[in-house]
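Here's a quick walk through one protein chain, from its surface to its fold and one of its pockets. Have the viewer open as you read.

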Amino acid sequence: RSSDLMAGAGMAGGPFPAPQAAMAAREVNTASLCRIGQEAVQDIVLRTMEIFQLLRNMQQLIPYVEEDGSKHDDRGASNPLRFATEERKEIIEVNKKMKQRNQQLKQIMDQLRNLIWDINSMLAMRN
């Protein structure tokens, strides 16, 4: 009669089927964990590549400036007002570029912060 109860409950007679079912569940769980881990690693790699691409693009936006001071020699003596106006325009332009770069750096830092947060969360879930 106990075998009838086990058969009615979906279990075959004998001591081995229950461990085999647990083993199959464990294999499925391991496979799904591997898949989730692979997706997480791919996501991390993709985000890291995006961040490095942004950094590469920002590097191209930074112009090389020589510090020779020769451009100030020819315009300062004749007209101080024109010199001051040109200097002001240059300062405004540099300020605008600095604000753009600061915004880009802020975006990169936010992305890095999110990436680190995700990595730490995944590591915490693993433990």
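## A nonpolar patch

Which residues make a nonpolar surface patch of about 370 Å²? They're Phe52, Leu55, Leu105 and Met109. Keep in mind that this is a predicted model. Two helices are involved here: α2 (17-61) and α3 (80-126) each put at least two residues into the nonpolar patch.

Take leucine 105, which sits in helix α3. Is leucine 105 buried, partly exposed or exposed? Its relative accessibility is 37%, so leucine 105 counts as partly exposed, given that the partly exposed class lies between under 20% for buried and over 50% for exposed.

## The overall fold

Zooming out, the protein chain has three helices and zero strands, so to read it from the N terminus you just go α-α-α. Of the contacts with a separation of 6 or more, 70% are between residues 24 or more positions apart.

As for burial, the protein chain has 127 residues, and buried ones make up 6% of them. The accessible surface comes to about 11100 Å², with 60% of that belonging to carbon and sulfur atoms.

## The second largest pocket

Now for some empty space. The second largest pocket holds about 360 Å³. Its lining includes Leu33, Cys34, Ile36 and Gly37, along with Ile119, Met122 and Arg126. The elements giving two or more residues to this lining are α2 and α3, and α2 gives the most, with seven residues.

Note on methods:
Residues are numbered from 1 along each chain as its sequence is written. This is a predicted model: local features need pLDDT of at least 70, side-chain atom pairs count only at pLDDT 80 or more; totals for chains, interfaces and linings use all residues. Side-chain values use heavy atoms; hydrogens and water are left out. Helices (H or I, at least four residues) and strands (E, at least two) are DSSP runs, numbered from the N terminus. Buried means under 20% relative accessible area, exposed over 50%, partly exposed in between (1.4 Å probe, protein chains only). Contact means heavy atoms within 4.5 Å. Accessible areas come from the Shrake-Rupley method with a 1.4 Å probe; for residues, only the protein chains shown count as cover. Patches are made of residues with over 30% relative accessible area and no salt bridge: like charges are joined within 9 Å, nonpolar side chains (Val, Leu, Ile, Met, Phe, Trp, Tyr) within 5 Å. A salt bridge is a side-chain nitrogen of Lys or Arg within 4 Å of a carboxyl oxygen of Asp or Glu. On a 1 Å grid over the protein atoms alone, a cavity is a set of points where a 1.4 Å probe fits but cannot get out, and a pocket is an open set with protein on both sides within 12 Å along at least five of seven lines; lining residues have an atom within 4 Å of a point. Grid points are joined across faces, edges and corners, and a volume is the space filled by probe spheres set on the points.
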